Amino acid sequence: MRLLLPLALAALSLLQGEPEDSLRYMAGLAAKGLPAELQREAEQFLRAYPNHGRVSEARYRLASAYFEQGRVAEAAKLLSPIAVLSGFDLAPEANFRLGQCELDLGRPKEAAAALERALSFGKEYLEVPARALLGDAQLSAGRVDEAGRSFRRVLELAPKGESAPDAVCGLAWCALRSQDHAAVQDLAGKFLAAFPGHGRAGEVQFLKAEALFELGRPEESLAAYGKVSGEAFADAAVRGAGFACAALGRHADAAEAFALLIQRHPQSRFVEEARLQLGVERLAAGDPRGALAALPAETLGASGEGAYWRARALSAAGEDGAALELATRASRGEADREKAARWASLRADLLARTGRPDEARAAYEAADTDYALQAAAVASLEAKRPEEALRLARKLLERNPRSTYRQEALLAAAEALFSLGQHAEAEGAYLAAAEADKDAERRGRSRLRAAWCRYLAGDAVRAAAMFKELSRTPGDGPLADEACFMAARAALDAGDTRSARAGYDKYLERFPQGTRRGEALLASARLADGSEADARLEAALAAPGSEATAAEARFELAERLSKAGDFEGALTHYETLLRSSPPPALAASSRYGQAWCHFSRGRNQEALAALAPLFAQPSGGAPALQGELELAALELSVFAASRQGDLAAAERHFRLLEERGASDTRLWAAASALLEALPPEAGGARRAELLERCARAAKSPAVKGEIEAQRSLLCLAAGDREQALQRIDAAWRAAPQSAAVREAACTVGESCLAANDADSGQGILRALARDERAPWADRAVYRLGHWRLSRGEARGAAQDLAGFAGRFPGSALKLPARFLEAEALLRAGDSAKALTAFEGLGAEDVGVELAPKVLFRVGTLHCKAGRWAEGERELTVLLERFPKFENGPEAQLWQARAQAERGERRLARTTFETLARADRGWIGAESLLSLGELSLASGDPAGAEEALRHFLKVAVLFSDVELVARSNWGAGRALEALGRHDKAAECYREIVSKAPKTEWASRGRERLVALASR
């Protein structure tokens, strides 16, 4: 990985002695990507100043030039001693560059050490690139966990930075080596979506394919392998495609892939493996002769994997005798117990096939077959002994994972685990059984049981997906019925209401006589709106099912009618439900709904009567009200009692709300109802006490704001305007969008306007400004203009200040207001009117504070209009009369520009050089650019070289887009003058890419076209 180092240069004066100039020039060359020129400059410096105090910096620059030219070993040799120098300013960069070199040289341990040193300096600009390289080094050194931390840190710091693609790729490698294949797939997907054209896209595509295969998604992995680009992973991608085809049962295609690997990549490390797999897959594809050709006896030996598959191929080709001979010989010579058992099983099969049953039985016994274990496990299940069944099935599976009885053993283990409540393990066993099961009906049942396992384990999201996939089973059988209903139910449990609603609709359409129709109607009604929901609830009332489902449907219907504003219709259902003796919880909710309907129709007494049974103390058992329902009932009681005028009851239930710890929002809503019900004669003390209680409970900004707003109005009513202003300020800051706060603020604002408090806000200023006879109106207009100008509303400020002198002829602010109006016109882009206004001020005695500002504006405006002589004259007067004027350097800059335009180039150069030495900001930069233009205008190579130095200094030391674009424009022209057209083109391209909206970009494009046509 090659990265451009960020530049960390001190803000020195822009023109200094030759050694420092050379050092900064080196920095500029490095930034512009001119390593050959940088190398020459650095070598000249080291010859000329071998003992200079900053010689290590020059060595660093030379090493960087070597690195950029591919001379990595030479660069590392230069960097090693200076990277560990104490007090070396560029030690962080040197260690970073050394880390790059060591990594390129294949020394990850040394690279990691250098990069860790670079990071130890705490340089923010090095954190991302150094951390990215450190991750590469750690990964190469096998420090996977540390590499992962490094890559994640890179993405935390710069998720869209230059190092982000490498960091994501590195994390994918870390995840692969940690066998976290889901993470690999996720990271690869993000990389390919964000960086499709990146140089490592082919590598990441391969990682994605590998992860998909390991996740058991061979079809997707096959497609992903096909998208791998580049040569680095071409052989591995073909290999992966072969295994993916095999997993999909496409054995002929798998064989073709392995043959292709052998043909196209004969030097690949996968060739031997591919030869074996070629034989295996040809055999699986029904081509035993092709398998035998891929597994020639002369290359296989007497035993081993290849010999085993050759024996299988011989048998499949009808050569059982030869196969038996090979199996017998291999069984006797195989020392590995597992392989010997496999050979023995194959030999037993061959003995049976060749008509030798007695020998076959003996061979099966010697092989210790799995059948007995499988049969015993099934019997244990039938006897309801799941622990024993699980032990026997696991013994079979652990001893021989590829057993021919694997399906039966997996199903037996899964059923045992399900019976024992071990759902996560049961799911895995069911899915493992289903994966290779050829019996479609049994496979479907296994997958349904797996989905139930996931659901019962609490993972509703994944369970919903599993049920949904199973619901696609053709027909309307029990499996499809159950899966279709459970897909919707699980989606609802997962919070995916949209999928749940679609799932219930699908169930009702597909299974009109389904056993779960009532439940589906109720659940889908809860997800529907309006008349559709009502219709489904009505249908649920009539559908066969439990009384509990019908009661829930009636309650849901009442709730929906209530929310829709049909309170009478809702009351009918609530009352019907209450007459049917519903469960206590449903009865309590129905009574609350009944009360709400009465309250909503303005029948407060009936509402209180409906709530009364809920507040009665039960003689035994649990109270009727608990939790959220109790709080809602208390709140509703406060509302109804307040409207009814029963303040004692409202206050009693309000205190209960406080005691129950109601939310601040609910408490404030109840308090607002009480406040509204309090009669005027209640006085402020009672209101203040109620507000204080609410304030102590307030937590949310909205509630705090509305409480403060009410307190503000109380203060205003008491005549304490200052306190009212403080309260409304706090309210506004807490809840600026609250209607209650805004209403109170309006009231307070009107009171402030009546008191002529112009400092309370812009609205009061405007009110004052509209009445020219009001006290402080001139100040209001002036302040309003100043405020609008400070906000960038220059044209509005100019309009506010226009005609100020005519409106307020005796105001002390007359001249400052005229100056402010002229400044507003200038910032609004009306330079001609601004100049006229400034010149008008110049004819008057504006005082020592405004006079230099007026001269400055008049002078610079003349210069900008091309009237250089007039501009220079005004600026000369300014600098003579006010030598300490705060904008003096800028005035000098325009004065020098005027001198240059009038042909006084020597005088102008002196001024520019003085400014460049003295100023470290944009004036110094502008001076350097002007010096560059003067040097370039000489027309000789020496002038072009000098111009290039000036332009590069601005490009290196400044970040302003416009300044850097201009400096690159100058550097490009200087390079053209020196015949360095390729580097000139780089300057122009940088302008076009980094400053595309500037005029310099248009010029750069023109030069690029011209250079391309050379």
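**Exercise 1. In which hand does α31 pass α33 in their crossing, left or right?**

Solution. This is a predicted model, in which local features need pLDDT of at least 70 and side-chain atom pairs count only at pLDDT 80 or more, while totals for chains, interfaces and linings use all residues. Residues are numbered from 1 along each chain as its sequence is written, and side-chain values use heavy atoms, with hydrogens and water left out.

Step 1. Locate the helices. Helices are DSSP runs of H or I with at least four residues, strands are runs of E with at least two, and both are numbered from the N terminus. Helix α31 covers residues 547-563, and α33 covers 584-600.

Step 2. Take the geometry. Two packed helices are described by the angle between their axes and the distance between the axes. Here the angle is about 20 degrees and the axes are 11 Å apart. Axes are lines fitted to C-alpha atoms, for helices over the stretch in contact, and angles run from 0 to 180 degrees between N-to-C directions.

Step 3. Classify the angle. α31 is therefore roughly parallel to α33. The classes are under 35 degrees for roughly parallel, over 145 for roughly antiparallel, 65 to 115 for roughly perpendicular, and oblique for the rest.

Step 4. Read the hand. The crossing of α31 and α33 is left-handed. That term applies if the near helix is turned anticlockwise from the far one by less than a right angle; clockwise gives right-handed.

Step 5. List the contacts (heavy atoms within 4.5 Å). From α31 come Ala551, Glu552, Phe555 and Ser562. They meet Leu586, Ser589, Ser590, Trp596 and Cys597 of α33.

**Exercise 2. Describe how α46 packs with α48.**

Solution. Step 1. Find the helices: α46 is residues 814-827 and α48 is residues 851-864.

Step 2. Their axes lie 12 Å apart, at an angle of about 25 degrees. This angle makes α46 roughly parallel to α48.

Step 3. The crossing of α46 and α48 is left-handed. Phe819, Glu823 and Leu826 are the contact residues of α46. On α48 they are Lys853, Val854, Arg857 and Leu861.

**Exercise 3. Place three salt bridges in the chain, and give the exposure of each partner.**

Solution. Step 1. Start from the principle. Side chains of opposite charge can pair when their charged atoms come close. A salt bridge puts a side-chain nitrogen of Lys or Arg within 4 Å of a carboxyl oxygen of Asp or Glu. The structure holds 60 of them.

Step 2. Take Arg536 and Glu532. Their N to O distance is 3.4 Å. Both sit in helix α30 (residues 530-542), four residues apart, about one turn of the helix. Arg536 is buried at 17% relative accessible area. Glu532 is partly exposed at 30%. Buried means under 20%, exposed over 50%, and partly exposed in between (1.4 Å probe, protein chains only).

Step 3. Take Arg603 and Glu568. Their closest N and O atoms are 3.1 Å apart. This pair links distant parts of the chain, 35 residues apart. Arg603 is in the loop between α33 and α34 (604-615), and Glu568 is in helix α32 (residues 567-579). Arg603 is partly exposed, at 24% relative accessibility. Glu568 is partly exposed too, at 34%.

Step 4. Take Arg655 and Glu651. The N to O distance is 3.1 Å. They are four residues apart in helix α36 (residues 647-659), so about one helical turn separates them. Arg655 is partly exposed at 41%, whereas Glu651 is buried at 18%.

Step 5. Extend the last pair. Glu651, Arg655, Glu658, Glu689 and Arg693 are linked in a network of salt bridges.

**Exercise 4. Find what Glu874 and Asp481 touch, not counting residues up to four places away in sequence.**

Solution. Step 1. Glu874 lies in helix α49 (residues 868-881). Its contacts are Leu855, Val858, Gly859 and His862. Glu874 and Val858 are 16 residues apart in sequence, yet 6.9 Å apart in space, C-alpha to C-alpha.

Step 2. Asp481 lies in helix α27 (residues 478-493). Asp481 counts as buried, at 9% relative accessibility. It touches Tyr507, Phe511, Gly514, Thr515 and Arg516.

**Exercise 5. How many helices and strands does the chain have, and what percentage of its residues count as buried?**

Solution. Step 1. The chain has 56 helices and zero strands.

Step 2. Of its 1014 residues, 48% count as buried.
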